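I opened this notebook to record a few things I wanted to look up in one chain. The entries follow the order in which I went through them.

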Amino acid sequence: MSNEPITLTAGDAEATVLPGNGGRIGGLRVGGTELLRQGERFGCFPMVPWCGRIRDGRFRDGATVHQMPLNSPPHAIHGTARDGAWRIARTATDEAVITYDLVEPWPHPGRITQQVALTPDAVTLTMSVETYDSSFPAQIGWHPWFNRNLGGEDVQLAFSAVWQEERGDDHLPTGNRLDPKPGPWDDCFGMPGGVDVTLTWPGQLELTVASREEWVVVYDEQAEAVCVEPQTGPPNGLNTAPRLVTPLEPLEASTTWSWRRL
């Protein structure tokens, strides 16, 4: 394992990967401007083997009910891999591949691989969950904290969702789908054609978060940052919309953030 940051460069873009801090992207700079909120808990962390909250920290796997630690009482939130140290598989000037072996409290053995690939005008994050043993439900997602302000006007969010998951008082989807409502949000949206959200810092930068996945959580209730989180299922999805990882079929997902100067 390595706690050493990995610095990737391409053109005037620079990304910092932190294997020792949950495999997160610690920073993304374009022309010297930092796009991600700084701090040990921020940047952009991988949400795996689940995304968002699990109700009461419990999920059903066949006939077995597993209990995860309640790290956001009364729920468990954002998986376990962001709390561990990842291993470096390979690095290049503009690419890093890191891995994390699933351990307790997650009940199943498995390996997560994350690739970070940087170009002068985009970064692509790709993740897979593999098992060589028993099958299990899992989710993949990313939780970037984009700075609300880059020194000019506050960021503007633009997206067109087909539905919004109704959120209960416990912050979990109720199972009902609504027409999308105006923000502020801590909400999950459905985009069957793939995630497509544009962040615009007027007069500075436009950045698009895209993914083939159809789920995205948008969180903009904090003053410092906004979060646009593409993921393979909704919050509590281990229970409501499980995706199965099998020895023959890993779970894979990717997201690309592309930008242009304004």
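The entries below cover cysteines, two strand residues and a pocket.

**Entry 1, the model.** I note before anything else that this is a predicted model, and I read every value below as computed from it.

**Entry 2, cysteines.** I asked how many disulfides the structure holds, and the count came back as zero. A disulfide would need two cysteine sulfur atoms within 2.5 Å, so I looked up the distances for two of the cysteines. For C44, the closest cysteine sulfur belongs to C227 and lies 9.3 Å away, which is too far for a bond. C51 is likewise in no disulfide, since its nearest cysteine sulfur, that of C188, is 9.5 Å away. I then checked whether these two residues are buried or exposed. C44 counts as buried at 2% relative accessibility, and C51 is buried as well, with a relative accessible area of 1%.

**Entry 3, Q114.** I turned next to Q114, which I found in strand β12, running over residues 111-119. Its relative accessibility is 1%, so Q114 counts as buried. Which side chain does Q114 join in a polar contact of 3.0 Å? I found that the partner is the side chain of W142. Setting aside neighbours within four places in sequence, I listed the contacts of Q114 as G23, P46, W86, A96, V97, I98, T126, M127 and W142, so that W142 appears both in this list and as the polar partner.

**Entry 4, G27.** I located G27 in strand β3, residues 24-30, and noted that G27 is buried, with a relative accessible area of 0%. Beyond neighbours within four places in sequence, G27 is in contact with E14, A15, T16, E34, L36 and Q38. I also looked up the separation between G27 and Q67, which stand 40 residues apart along the chain, and found their C-alpha atoms separated by 33 Å.

**Entry 5, the largest pocket.** I recorded a volume of about 540 Å³ for the largest pocket. Its lining has 31 residues, of which F45, R53, I77, H78 and H143 are the closest to the centre. I asked which strands supply at least two residues each to this lining, and I noted β15 (141-147), β17 (163-167), β19 (186-190), β22 (215-219) and β23 (225-231). By residue class, the lining divides into nine nonpolar, nine polar and 13 charged residues.

Definitions and conventions
Residues numbered from 1 in each chain as written. Predicted model: local features only at pLDDT ≥ 70, side-chain atom pairs only at ≥ 80, totals over all residues. Heavy atoms only, no water. Buried < 20%, exposed > 50% of the residue type's maximum accessible area, 1.4 Å probe, protein only. Polar contact = N/O pair within 3.5 Å; in protein donor to acceptor, adjacent residues only side chain to side chain. Contact = heavy atoms within 4.5 Å. 1 Å grid on protein atoms, 1.4 Å probe; cavity = no way out; pocket = protein on both sides within 12 Å on 5 of 7 lines; lining within 4 Å. Points joined across faces, edges and corners; volume = space filled by probe spheres on them. Nonpolar A, V, L, I, M, F, W, Y, C, P; charged D, E, K, R; others polar.
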